[in-house]
Amino acid sequence: MIIVLKPRTKADDVARVEQLIKRRGLDTHIVVGQEMTIIGCIGDTTKIDSKLFEVDPSVDKVMHVQEPYKLANRAFHPEDSVVDVSGVKVGGGNLALIAGPCSVESVDQVMEIARSVKASGANLLRGGAFKPRTSPYSFQGLGLEGLDILCKVREATGLPIVTELMSSEYLDIFNEKVDLIQIGARNMQNFDLLKQLGQVERPILLKRGLNATYEEWIMSAEYIMASGNENVILCERGIRTFETYTRNTLDLQSIPVLRRLTHLPVIVDPSHAGGKWWLVDSMAKASVAAGADGLMIEVHNNPEFALCDGAQSLKPKKYDELIQEVAQIAKVVGKNV
Ligand code: PEP
Ligand code: MN
């Protein structure tokens, strides 16, 4: 952090600001120019509210040279993190293929979809049991019954399960039964929930908030990590823009940016980004080409009658064709499939 003082600040005032900095446990390096004095702050500034320095009448501005996150920062952990999801490695040179219905509807539905996506190459099964719906009149998910269905299908297929946790009420049950706990876009900044995730042993899939900046998203990962759980996977799922033709706008740039800023795996959910099944193919391929560590795709055996998100769900045959092509792209960018 660098503190720029107002032009022609007197030595007494420089000394006062220096004391303010030292009282917060930092060292200083002072550069006195002809007109300007700047003070370099040395030490861990992540826990300091730098805005408070601007209260001093001699301070012109405070500039950050370091990001406010540490544990998630690539600068302190140059190699890619690899997160182990019940034996499936996510990150590094691996491509995670998460697929399944938006919502768990019945054993037969999830079983049929799981078997087909597994045959296509998927290595993790998704399915919502607790659903965050915009309308209280929409299907809210089967809740714990849905979770039991996912567990049954895992037993039958061997696919580890990914499902969304909306409330800490079910934290212990999820920690016991769910292989990868998903935190949805709407809860990305539910800080109490994030802190509690630090206590679970299961890895966390943290989706990007509807309008979250990269820094806000990484800070949410930092919350989980600072609370004790470093196994976090980030998931880009589109952000809200002025465009209404698509459900959201897929931010492909987030992939190289996040891979530069953090060492955490970054996967992409093209289904919730576009909101239309025919957009999934091109956006999934583009995401892998851009360096994504995995894809989360909604697949339904009967999308016309899906209880949630049928319009963006691929039929199993389309998913199969897509994954064959994705495998080729993955090879080109050096990922194992
Ligand atoms: C989901 O993946 O089921 C979901 C609700 O996604 P998001 O939180 O990204 O809207
Ligand atoms: Mn959905």
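Reader: Why are α2 and α3 called oblique to each other?

Author: In this predicted model α2 and helix α3 (residues 144-157) pack at an angle of about 40°, with axes 10 Å apart, where axes are lines fitted to C-alpha atoms, for helices over the stretch in contact, and angles run from 0 to 180 degrees between N-to-C directions. Angles under 35 degrees count as roughly parallel, over 145 as roughly antiparallel, 65 to 115 as roughly perpendicular and the rest as oblique, and α2 and α3 are therefore oblique. Local features need pLDDT of at least 70 and side-chain atom pairs pLDDT 80 or more, while totals for chains, interfaces and linings use all residues of the predicted model. Side-chain values use heavy atoms, without hydrogens and water, residues are numbered from 1 along each chain as its sequence is written, and chains are lettered from A and ligands numbered from 1 in the order in which they are written.

Reader: Which residues of α2 and α3 make the contact?

Author: With contact taken as heavy atoms within 4.5 Å, the residues include Val107, Val110 and Met111 of α2 and Ile149, Leu150 and Val153 of α3.

Reader: What makes Cys102 and Glu298 donors of the manganese ion (ligand 2)?

Author: Donors are N, O and S atoms within 2.8 Å of the metal (3.2 Å for Na, K and Ca), and sites may look incomplete because water is not among the atoms. Cys102 (SG), His272 (NE2), Glu298 (OE) and Asp309 (OD) lie 2.0 to 2.4 Å from the manganese ion (ligand 2), so they meet the 2.8 Å limit. Cys102 sits in the loop between β7 (96-100) and α2 (107-120), whereas Glu298 belongs to strand β14 (residues 294-298), 196 residues apart; helices (H or I, at least four residues) and strands (E, at least two) are DSSP runs, numbered from the N terminus.

Reader: How do you know that β14 is largely enclosed by the rest of the structure?

Author: Buried means under 20% relative accessible area, exposed over 50% and partly exposed in between (1.4 Å probe, protein chains only). Five of the five residues of β14 are buried, so the strand is largely enclosed: Gly294, Met296 and Glu298 cover one side, and Leu295 and Ile297 the other.

Reader: How do you know that β7 and β14 pair?

Author: Two strands pair if DSSP finds at least two bridges between them, and β7 and β14 have five, in the parallel sense. Within this pairing, Ile98 stands opposite Met296 in β14.

Reader: What makes β2 and β4 edge strands?

Author: In the open sheet of four strands, with the order β2-β3-β1-β4 and antiparallel pairing, β2 (27-32) and β4 (59-63) each pair on one side only.
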